[in-house]
Structures are given as structure tokens and as C-alpha cells.
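Here are some exercises on cysteines and their pairing. Take a look at the model, then work through them at your own pace.

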Amino acid sequence: EDQSNCEICDAGKFAAPGNVTCSACPSGSSSSRGSETCGECPGGTFHAGGAQCETCSAGYFAAPGSANCSPCPTGTFALAGSSQCSRCDSGWAPAADQAACTICEAGRFATPGDDECSICPAGKYAPTGSSQCLMCDLGKIPDDSQ
């Protein structure tokens, strides 16, 4: 083979000094074009063989150096590019796709870590965004129109 010039390694590959071939970066790491080493993908991204680290979708997370994204556990959510999942604040629950939190409607409640807003038991009420159901004052009953 003619060795009259040097070839530049593509993104996602590397060649340490003295190497005669470009090697693919290991899973969870990547490189730019012409690199001699691979770098770990940052949190919220993954590398499974492409040229660059890719961003995790909402509802998924990845620790630094990950080869793939993992779905958030029940009761948590993650925005796109997250390195971990989070619990929703009181009065909020994760959306079905775990990509965001949604506020609990009147008559429902949730505490951090709940996977959905629960319906208040008979005789109790909850305003929008509640973390618990409340008893009506004496002489009053819950308004079913909410």
C-alpha cells in the first residue's frame, strides 16, 4: 500500500501516535475528526457506535460514559439531555411519557414520587395542585362541580 501521506481519522474514531489504522471509539465515548483519543460522553448523552454522542430523549437519562439511555423509574421525569431523573413537586405528577410534570386537577392530589394524581376520597376536596385532600369546614360539603 502506498504510504505517501497521512489519513485523518473520522469523527467517532481515533489513532494514537504510531497506529497504522483508525479504531472505533468504545461505547460511551466519542471523538472529533482527527483525534488521537476518545472522550467520555457527558451525562444526558450516549454513544452506541455513531460518530458523535447523542442526546437522550425526554423521559430517559444517561450517566456520563453511557452506551444507551435508560427510561426514568416510575414516579419520576426527565427533560431531554438529562443525566438523572427527578421527582415532581407536591401537587404535580409525571406525564405519561415521563417527559415533564403535570399539575393535579382540582379533586386530585400527589406527593413527590407519586406516579399519578390520586382522586380524593369521598367527603374531602383538593384545590388544583394539591399535595393532600382536605376536610370541608363544618356545615360545608365538597363541591362536585370541580
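Two exercises with worked solutions follow.

This is a predicted model, in which local features need pLDDT of at least 70, side-chain atom pairs count only at pLDDT 80 or more, and totals for chains, interfaces and linings use all residues. Residues are numbered from 1 along each chain as its sequence is written, and side-chain values use heavy atoms, with hydrogens and water left out.

**Exercise 1.** Describe the link between cysteine 41 and cysteine 53.

*Solution.*
- Start with the sulfurs: they are 2.0 Å apart and form a disulfide (a pair of cysteine sulfur atoms within 2.5 Å).
- Next, take the torsion: -85 degrees about the S-S bond makes this link left-handed.
- Then place the ends: cysteine 41 is in the loop between E4 and strand E5 (45-46), and cysteine 53 is in the loop between E5 and strand E6 (54-55), 12 residues apart. Strands (E, at least two residues) are DSSP runs, numbered from the N terminus.
- Finally, check accessibility: cysteine 41 is buried at 0%, whereas cysteine 53 is partly exposed at 26%. Buried means under 20% relative accessible area, exposed over 50%, and partly exposed in between (1.4 Å probe, protein chains only).

**Exercise 2.** Why does cysteine 6 lack a bond to cysteine 9?

*Solution.*
- Find the closest cysteine sulfur to that of cysteine 6: it belongs to cysteine 9, and at 10 Å it is too far for a bond.
- Look at the surroundings: cysteine 6 is exposed, with 76% relative accessibility.
- Now follow cysteine 9: its disulfide partner is cysteine 22, with S to S 2.0 Å.

Key
Helix = DSSP H or I, 4+ residues; strand = E, 2+ residues; numbered from the N terminus.
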